[in-house]
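Colleague: Could you walk me through this model, beginning with the ligand and then moving on to the aromatic rings?
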Amino acid sequence: MRRYGKNPDEDDVRVRPNRKGNRPRTNIRPKHEDAAEGFVLTVDRGRLTVLVEDRTIHAMKARELGRKGVVVGDRVAVVGDLSGAKDTLARIVRVEERTSVLRRTADDDDPFERVVVANADQLAIVTALADPEPRPRLIDRCLVAAYDAGLEPLLVLTKSDLAPAATLLESYGTLGVRYVVTSREELADGAAADRVRERLTGRTTAFVGHSGVGKTTLVNALVAEDRRRATGHVNAVTGRGRHTTTSALALPLPGGDGWLIDTPGVRSFGLHHVDPARVVQAFPDLVPGTEGCPRACSHDEPECALDQWVADGHADPARLYSLRRLLATRERREGD
Ligand SMILES: Nc1nc2c(ncn2[C@@H]2O[C@H](COP(=O)(O)OP(=O)(O)O)[C@@H](O)[C@H]2O)c(=O)[nH]1
Ligand SMILES: [Mg+2]
Ligand SMILES: [Zn+2]
């Protein structure tokens, strides 16, 4: 423990003498009763765009928010110039309590968890059936992140014109994950958008996917024309993909019934922060079996009570296997 003052035996030194005039930390903040409600659409370093009524305004964090992060999907209170006129900047004075937080750690070695999206209730995991090849471990990691955050996962399998979905779906059968399959033809005739939109109505869905899977193509088929983004083509000059997506972006679904939150392409999905106890909650048939587990059980140790639970016929062994497969992705790296 770090101590201040000369006497190291002095307990609980709370007052730091002669620092900034010894001003007490104030808990009395202006209430901002006149603040408007807003919904965060984009965050680009310190600059945010916020939807207030039907206007998109520019805003920044007020100093009183300190280090508290504001992310896409946050419900916030804003004050100041709310006109949305050019060169105006409103201030975000409060972040409302979040119903969910989708987190990731940049890498498994990275102890800092970052909130990616707030208040989503569904995670669409976009995976191509070919070109690029599906990466089951990345899918598993996204599933763990969804379960950890309390979001309902939805597998979106694209490019079924190039490869069938059956093999991939087999390994998710026991998990009971919902899915939709799309193809190039169905993108062209609107059937793909219809099928996916059905799953998005009335919800806030975060879209994740490895670059090249067709996420932008799909998102563009789902949102209004003026919200569309460029799809990634390889840049002839740099040889790199045109990474048009650098941070999350909230897009309204046409008809105003739901939000789609597009996130940057993920290469890995660090899970350093994930608590096995939260992941098990996605397996209601196994939850009661954990009562006999040791404290902070990893559910993959000899003392874990789930083996007996399954042996006694309370749940399908395949479900326990699936849970352990998912939990194991926390220790493994994508690509292993
Ligand atoms: N064959 C096929 N190609 C697709 C499909 N959807 C997207 N693509 C192509 O896949 C490439 C990458 O698409 P893009 O939307 O930029 O992927 P993103 O990186 O996930 O945003 C583009 O050349 C698309 O035309 C599909 O259903 N079938
Ligand atoms: Mg894209
Ligand atoms: Zn256990």
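Colleague: Which backbone atom lies 3.2 Å from an oxygen atom of ligand 1?

Modeller: That is a backbone N or O atom of valine 213, and I should say at once that this is a predicted model. An oxygen atom of ligand 1 is also 2.8 Å from a polar backbone atom of lysine 215, while a nitrogen atom of the ligand is 3.1 Å from a side-chain N or O atom of arginine 184.

Colleague: How much of ligand 1 does the protein bury?

Modeller: Taken alone, ligand 1 exposes 580 Å², and the protein buries 82% of that.

Colleague: And what is the shell made of, by class?

Modeller: It has nine polar, four charged and three nonpolar residues; helix H3 (184-189) and helix H5 (215-222) each supply at least two residues, with H5 giving the largest share, three residues.

Colleague: Changing topic, how many aromatic pairs are there in the whole structure?

Modeller: The search finds two. Phenylalanine 39 and tryptophan 259 form a tilted pair, 4.4 Å centre to centre with 35° between the planes, and this pair links strand S1 to strand S13, its residues being 220 apart in the chain.

Colleague: Are those two buried or exposed?

Modeller: Both phenylalanine 39 and tryptophan 259 are buried. The other pair, tyrosine 147 with phenylalanine 283, is edge-to-face, at 6.1 Å centre to centre and 65° between the planes.

Colleague: Why does that pair tie together parts distant in sequence?

Modeller: Because tyrosine 147 lies in helix H1 and phenylalanine 283 in the loop between helix H6 and helix H7, the pair joins parts 136 residues apart in sequence.

How values were computed
Residues numbered from 1 in each chain as written. Chains lettered and ligands numbered in written order. Predicted model: local features only at pLDDT ≥ 70, side-chain atom pairs only at ≥ 80, totals over all residues. Heavy atoms only, no water. Polar contact = N/O pair within 3.5 Å; in protein donor to acceptor, adjacent residues only side chain to side chain. Areas by Shrake-Rupley, 256 points an atom, 1.4 Å probe, with all protein chains shown as cover. Helix = DSSP H or I, 4+ residues; strand = E, 2+ residues; numbered from the N terminus. Nonpolar A, V, L, I, M, F, W, Y, C, P; charged D, E, K, R; others polar. Phe/Tyr/Trp six-rings, centres within 6.5 Å; stacked < 30°, edge-to-face > 60°. Buried < 20%, exposed > 50% of the residue type's maximum accessible area, 1.4 Å probe, protein only.
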